[in-house]
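Colleague: I would like to learn how to read the places where a protein meets nucleic acid, going from single atom pairs to the whole surface. Could you take me through one case, step by step?

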Amino acid sequence: MSHLRSLNPLQLRAATYGKGPLLVLAGAGSGKTKVLTSRIAHLVIDKKLRPEGILAVTFTNKAAQEIRERLERLIGERADKIWAGTFHTIGLRIIREEAGRLGLKPGLTVYDEEEQLLLVNYVMSELSMSNRDLPYRTVLWEINLAKNNCLSPDEYARCGESDLRDAVAPVYRAYQKKLSAMNAVDFGDLIMKPIELLEKDEAALRKYRERFSSILIDEYQDTNRSQYTMTRLLASGRADLCAVGDPDQSIYGWRGASVENILKFREDYKDAVVVKLEQNYRSTSNILGAANSVIVNNEDRIEKNLWTGNLQGEPVVYEECLNEDEEARFVVKEIKRLKAADPAMKFRDFTVLYRTNTQSRPFEELFFEEGVPYTIIGGFRFFDRREIKDCLAYLKAIQNPDDSLNFLRIVNVPPRGIGKATLERVHRISDAHDASLYEAFRRARKEGALNRDASDFIGTFEMLRGEMPGMALHDFAGRVLDITGYEDFWARKRTEDADVRVKNLQGLVASVRKYAETHPKATLADYLNLVSLMSDADQVDGRQDRVTLMTIHSAKGLEFPVVFMAGMEEGLFPHKRSVEEETVEEERRLCYVGMTRARRLLFLTSAKHRTSGKETALQLPSRFIAEIGPAFVTKKAYVPAERIREHMDAIRKILNPG
DNA sequence: GTAATATAGCTTTTT
DNA sequence: GCTATATTAC
């Protein structure tokens, strides 16, 4: 039974406990992924369950991939048959299978945040509301929160009352209507739509309950109302359910996640068995001691005793620096020192974690200057660049003719003489006939209501639509960039950044090619869906020898021999908004998550002066620093350079009197 | 009617 | 620092 070898007794119990429901409370570094994969292997090998009946929900697609890879070693190619992915990936799979029953057409588009924001803008303009009346971002936030809480526009409008709710409700309603007209779904819908289906369609509910004989949910402490509901719908049949999580690592409350879900698991699922994994195999006892001494300050917490048999290791180091540049300098210095001291150390053994994405800048600059190879996870991704977004908008608009939002985005990019007046005219046609923007353009063209430029473009667009089915994906992407003049539009601008944009466009085509080659049967819709669902954390690539820079949120589930946590300052971490909103306990859990990523060495740094925007502020060390038990940490306050100079002078005088 | 340029306003964490 | 909008130029 090689798949159960090397499990400790509690891990073994979690992996082999018979019919669920089962709740595994797995502390940081307690071998959670190992238990999860062992359990799946056990279900397939010993319990003879069909792999296609196993649903494993993970927090990132990469985590799902990792489980699949580990599983492959245990059960071979059967590993590919299990359903493993994020709630969103699984939701999309169900939606695509059941598009018809949900009033959607095949080839639907998934809108990302930027597209959502454009749609909110669009809808609000139609309702004669502007960003000044109510910021688009606020509205979008509210809509997303409603969806995370599993509230339809009607339910949202009805539950509770506030001025904001009254203002947002009609926008949410109109937004949802537009989404379906555009044959598109947003992230929230990826969970809401399957719920809708399972609730209203008995046959569908039966089908999916029968399909999944076993369900495993990772990071259960970070599930929101919608995800909880989807889980309940699928699991309350005869499927056994195994939820894995750690309340101390709940860090997505702001996204609607509710620790309650894990806390009331035993009420929700009667006869649930709980297994606690409290032995940490990851960190030194100093690191674990430091992390524990921080997390115990949370009042709203279930007692847990995470321990380790690992060596004591070095004390955690806290270093206060002059400013953010010096903070970066300290990190580079330490990386170089540690690498010199131990040649076995690689760049990929180090990570720099921070609270906000903007903090990456000084590190990026200094790492570049000092020749330290690095990768930044999150922030501005390749797929968020304007030229890439434009190109994807072309592909989406061609692929899904109802997607008026993306059609609108590209119709006059590059500028081709389709301006405000033309668009207004076509919009009227679109409204009158309840047709998509593209459809309206075609009508206008037939009626001769378009000028030459517009008419030509619609002709080109139709031609491309016709060519799509017969072409390889990358050839088609290249063809679109060529024939629409989009690539040329940048190539003609002879500015420095235009060159980069052209290169990025070629990079995109290369990425499509790579995808097409590894997925020979995939359609354009498959590629576009994949790109929409790709998360930042999915990019972490341990094969490259680079230092990883990312937010603590993105580091969830990862581990590194050496961790630097930067910006340990009041106002930044805990963030000042969390202090205002009284969610400091979640910040503390975030701090705990960050600290427990470290295996051997943990460095905490702060800047005495930090510049944000054009203001430089005097910063105080984070309260979390003071919470660390003194036995586990060495603290060094910032000493101004003059003081060092005075000190050196004094020493010189002693050594060299007179 | 359309395109290029200036300005204001925001920047916590993300599937 | 970046984008959506307002203003001005073509």
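Modeller: Let us begin with a single atom pair, bearing in mind that this is a predicted model: an N or O atom in the side chain of Tyr 136 lies 3.0 Å from a phosphate oxygen of DNA strand C. A second pair of this kind involves Asn 121, whose side chain places an N or O atom 3.2 Å from a phosphate oxygen of DNA strand C.

Colleague: Which residues surround DNA strand C?

Modeller: Asn 121 and Tyr 136 appear again, together with Arg 361.

Colleague: And which residues come nearest to DNA strand B?

Modeller: Of the 26 residues around DNA strand B, the nearest are His 88, Arg 355, Thr 422, Thr 551 and Arg 577. Of the atoms of DNA strand B that come within 4 Å of the protein, 64% belong to sugar and phosphate.

Colleague: Which part of DNA strand B does each polar side chain face, base or phosphate?

Modeller: The side chain of His 88 has an N or O atom 2.9 Å from a base oxygen of DNA strand B, and Glu 581 likewise has a side-chain N or O atom 3.5 Å from a base oxygen, whereas a polar side-chain atom of Asn 412 lies 2.9 Å from a phosphate oxygen.

Colleague: Which helix gives the most to the surface near DNA strand B?

Modeller: That is H19, with three residues; helix H19 (420-433) and helix H26 (552-555) each supply at least two. By residue class, the surface near DNA strand B divides into 13 polar, seven charged and six nonpolar residues.

Methods
Residues numbered from 1 in each chain as written. Chains lettered and ligands numbered in written order. Predicted model: local features only at pLDDT ≥ 70, side-chain atom pairs only at ≥ 80, totals over all residues. Heavy atoms only, no water. Near = heavy atom within 4 Å. Polar contact = N/O pair within 3.5 Å; in protein donor to acceptor, adjacent residues only side chain to side chain. Helix = DSSP H or I, 4+ residues; strand = E, 2+ residues; numbered from the N terminus. Nonpolar A, V, L, I, M, F, W, Y, C, P; charged D, E, K, R; others polar.
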